[in-house]
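Subject: A structure for you to look through

Hi,

Here is the structure I said I would pass on. Have it open while you read, and I'll walk you through what turned up.

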Amino acid sequence: MSAVIAPKAFASRRERSPSLAEFIDALLEHADLRQDLGAGRALVRLSAAALARLRRISALGDSVGRLADLAVVWDEREDVLVRVLDGAPQDLPPPAPEDRFELTEAGLEYLARRGAA
C-alpha cells in the first residue's frame, strides 16, 4: 500500500537560506574589487555596482545583500581561499557593569610616561 502525500504538505516548508559556500561562490564569480595584500594574496570583494547587478541575476534571492558584508583573502599563487572575512554587524549585548574597569594611579602614571594618556 502506498501513501499519498498532499501537495499542501510541502507548502509550509520555508525556503532554505543559501549556504556560506554558495555566498563565497557568488562572491568569487562576481567580485570586481581586488586589493593586493602582498605575498601573492589579495582581498576580494564586491562593489556596490556589482552587488546591484547581482541582485538582478542571482539565485540567492533576498539574501544577496549579505554579500556586501563578505570579503575573502585569496592566495593567487596557490589558487586557494585563505580566509573569509565577515563584516556583518553583531548583535552583542552591552558590557555588564562588572566588565568595566578604572585604571589605578599607577596605571595612569604609566600611560602618562608613555605619552598614551
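Let's begin with aspartate 75, which is found in strand 3. Keep in mind throughout that this is a predicted model. Is aspartate 75 buried or exposed? Its relative accessibility is 8%, and because the cut-off for buried is under 20%, aspartate 75 counts as buried. Its side chain still has polar company: one of its polar atoms lies 2.9 Å from the backbone nitrogen of arginine 77.

Aspartate 75 also has a charged partner. Its side chain meets that of arginine 41 in a salt bridge, with 3.7 Å from N to O. If you trace the chain between the two, you'll see that this pair links distant parts of it: arginine 41 sits in strand 2 (residues 41-45), aspartate 75 sits in strand 3 (residues 70-75), and they are 34 residues apart. The two ends of this bridge have their own surroundings: arginine 41 is partly exposed, at a relative accessible area of 35%, whereas aspartate 75 is buried, at 8%.

How many salt bridges are there in total? The count comes to four. Two more of them involve arginine 66. One is with aspartate 69, where the closest N and O atoms are 3.7 Å apart. The other is with aspartate 86, and there the closest N and O atoms are 2.6 Å apart. That second pair ties together parts that are 20 residues apart in sequence, because aspartate 86 lies in strand 4 (residues 80-86) and arginine 66 in the loop between helix 3 (48-57) and strand 3. Since these salt bridges share partners, you can click on Arg66, Asp69 and Asp86 together: they are joined into one network. As for how open these residues are, aspartate 86 is partly exposed at 42% relative accessibility. Arginine 66 is partly exposed too, with a relative accessible area of 29%, and aspartate 69 is partly exposed with 26%.

Now for how the strands line up. Strand 1 (residues 33-38) and strand 2 run antiparallel, and five bridges join them. If you want a pair to look for, take aspartate 36, whose bridge partner in strand 2 is alanine 42. On its other pairing, strand 2 is joined to strand 3 by four bridges, and these two also run antiparallel. Here a pair to look for is leucine 43 with its bridge partner in strand 3, valine 73. While you are looking at strands, here is a general point: in a regular strand, side chains alternate between the two faces of the sheet.

Next, some backbone angles. Most residues other than glycine have a negative phi. Which residue in the hairpin of strand 1 and strand 2 takes a positive phi? That would be alanine 39, with a phi near 55°, in a hairpin that has two residues between the strands. Alanine 39 lies in the loop between strand 1 and strand 2, and with a relative accessible area of 59% it is exposed. Aspartate 79 is another case: its phi is positive, about 60°, although it is not a glycine. You'll find aspartate 79 in the loop between strand 3 and strand 4, where it is exposed, with a relative accessible area of 54%.

Further along the chain, have a look at helix 4 (residues 105-114). It is hardly covered: among its ten residues, the count of buried ones is one. Right after helix 4 comes glycine 115, which has a positive phi near 80°.

Last, the empty space. Rolling a probe the size of a water molecule over the atoms shows where such space is left. The largest pocket holds about 210 Å³ of it. Which residues lie nearest its centre? Arg16, Pro18, Ala59, Leu60 and Gly61 do, out of eleven residues that line the largest pocket. Sorted by class, that lining has four charged, four polar and three nonpolar residues.

If you want a place to start clicking, go back to aspartate 75, with its salt bridge to arginine 41 and the backbone nitrogen of arginine 77 at 2.9 Å. After that, try the network of Arg66, Asp69 and Asp86.

Have fun with it!

Conventions:
Residues numbered from 1 in each chain as written. Predicted model: local features only at pLDDT ≥ 70, side-chain atom pairs only at ≥ 80, totals over all residues. Heavy atoms only, no water. Buried < 20%, exposed > 50% of the residue type's maximum accessible area, 1.4 Å probe, protein only. Pairing = 2+ DSSP bridges. 1 Å grid on protein atoms, 1.4 Å probe; cavity = no way out; pocket = protein on both sides within 12 Å on 5 of 7 lines; lining within 4 Å. Points joined across faces, edges and corners; volume = space filled by probe spheres on them. Nonpolar A, V, L, I, M, F, W, Y, C, P; charged D, E, K, R; others polar. Polar contact = N/O pair within 3.5 Å; in protein donor to acceptor, adjacent residues only side chain to side chain.
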